[in-house]
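Got your viewer open and your mouse ready? Let's take a walk through this model, one selection at a time.

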Amino acid sequence: MNALNAFFFSVYPYICLTVFLLGSLLRFDRDQYTWKSDSSQLLRAGQLRWGSNLFHAGILFLFFGHAVGMLTPHFVYEPFMSAGAKQVLAMVSGGLFGVLGFAGVSLLLHRRLTDPRIRATSRTSDIVLLWLLWAQFALGLATIPFSAQHLDGSVMLVLAEWAQRIVTFRPGTAELMADIGWVFKVHMVLGMTIFLIFPFTRLVHVWSGFASVAYLWRPYQIVRSRRLGTPGGR
């Protein structure tokens, strides 16, 4: 178990991050025509609307919530919020958006598995990805009862310290995770695994969503009328 703990919490994160970044770059460079979400809205729109909106609301909040919560050093929020209060806030907000995301991904998974036309146009990676996301939401919700057993925020501080040591290349990450509960460990390993398979699935379209912010500073396009041969608007 010590060897597994050392691998998953000191080596595996860097494997996942390397594949995530380099894999995304290589796919964009070599297979830009596959860089899309492959929407199946034309085949069946109703359930997709509910499932997609709930899923995206849940996962976007949880992604940024986890990023800010785990990568923000304790001393930044300590003057106005205790570790225990931060944990309760994370449990309430994470639980709410976790339920939304879980409901959304359940609808998407049900839709993809039960509709013959959508199933026929689905790749294996689409179904595997949805199952992994479903399990990840379920595990995330399962951590709430465990977190309720220690409301002082001590475990949350350990998890945040682990994440901060990973991104700053500091040693001692495996030792920090040695005594953490199994549900937290499985949740974190599965989360890293989703980053590992990210470049090989439709998740790559997330990069385009972040890149769309650049349109705020992009200059206006000049549109000219082909019929009149003069600039548009005249």
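Start with the contacts along the whole chain: of those with a separation of 6 or more, 77% are between residues 24 or more positions apart. Keep in mind as you click around that this is a predicted model.

**Stop 1: the whole chain.** Switch on a cartoon view. You'll see 10 helices and 0 strands, so to speak an α-α-α-α-α-α-α-α-α-α run from the N terminus on. Now colour by burial: buried residues make up 35% of the 234 residues in the chain. Add a surface too, and you have about 14500 Å² of accessible area, with 70% of it belonging to carbon and sulfur atoms.

**Stop 2: helix α7.** Select residues 154-167, which form helix α7. How many residues does α7 have, and what distance does it reach from its first C-alpha to its last? Helix α7 has 14 residues and reaches 20 Å, close to the 20 Å expected at 1.5 Å a residue. Next, show the side chains of Val-155, Met-156, Leu-159, Ala-160, Trp-162, Ala-163, Gln-164 and Ile-166: these are the buried residues of α7.

**Stop 3: the largest nonpolar core.** Two residues from that helix turn up again here. The largest nonpolar core has 17 residues, and those with the most contacts inside it are Phe-9, Leu-159, Trp-162, Met-177 and Met-192. Which helices each supply at least two residues of this core? They are α1, α7 and α9 (182-197). Of the helices, α9 gives the most to this core, with 6 residues.

Zoom in on Met-177 and show what surrounds it. Leaving out residues up to four places away in sequence, Met-177 touches Asn-5, Phe-9, Leu-159, Trp-162, Lys-185 and Met-188.

Now hop over to a second, separate core of 16 residues, which includes Leu-129, Phe-137, Phe-198 and Leu-203.

**Stop 4: aromatic rings.** Select every Phe, Tyr and Trp. A search of the whole structure finds 15 aromatic pairs. One of them is Phe-7 with Phe-8, an edge-to-face pair with 5.2 Å from centre to centre and 70° between the planes. Are these two buried or exposed? Somewhere in between: Phe-7 is partly exposed, with a relative accessible area of 34%, and Phe-8 is partly exposed as well, at 25%.

For another arrangement, pick Tyr-14 and Phe-169. The centres of their rings are 5.5 Å apart and the planes are at 15°, so this pair is stacked. Tyr-14 lies in helix α1 (residues 2-30) and Phe-169 in the loop between α7 and α8 (173-176), so the pair ties together parts that are 155 residues apart in sequence. As for cover, Tyr-14 counts as partly exposed at 24% relative accessibility, while Phe-169 is exposed, with a relative accessible area of 64%.

While you're there, take a look at a cluster too: select Phe-20, Phe-195, Phe-198 and Trp-207, which form one aromatic cluster. Phe-198 may ring a bell, as the second core also includes it.

**Last stop: back to Phe-169.** Centre the view on this residue once more and look at its backbone. What is special about the phi of Phe-169? Phe-169 has a positive phi of about 55° although it is not a glycine. You'll find this backbone turn just after α7, the helix you picked out at the second stop.

Methods:
Residues numbered from 1 in each chain as written. Predicted model: local features only at pLDDT ≥ 70, side-chain atom pairs only at ≥ 80, totals over all residues. Heavy atoms only, no water. Helix = DSSP H or I, 4+ residues; strand = E, 2+ residues; numbered from the N terminus. Expected span 1.5 Å × (residues − 1). Buried < 20%, exposed > 50% of the residue type's maximum accessible area, 1.4 Å probe, protein only. Phe/Tyr/Trp six-rings, centres within 6.5 Å; stacked < 30°, edge-to-face > 60°. Contact = heavy atoms within 4.5 Å. Areas by Shrake-Rupley, 256 points an atom, 1.4 Å probe, with all protein chains shown as cover. Core = buried A, V, L, I, M, F, W, Y, C linked by side-chain atoms within 4.5 Å.
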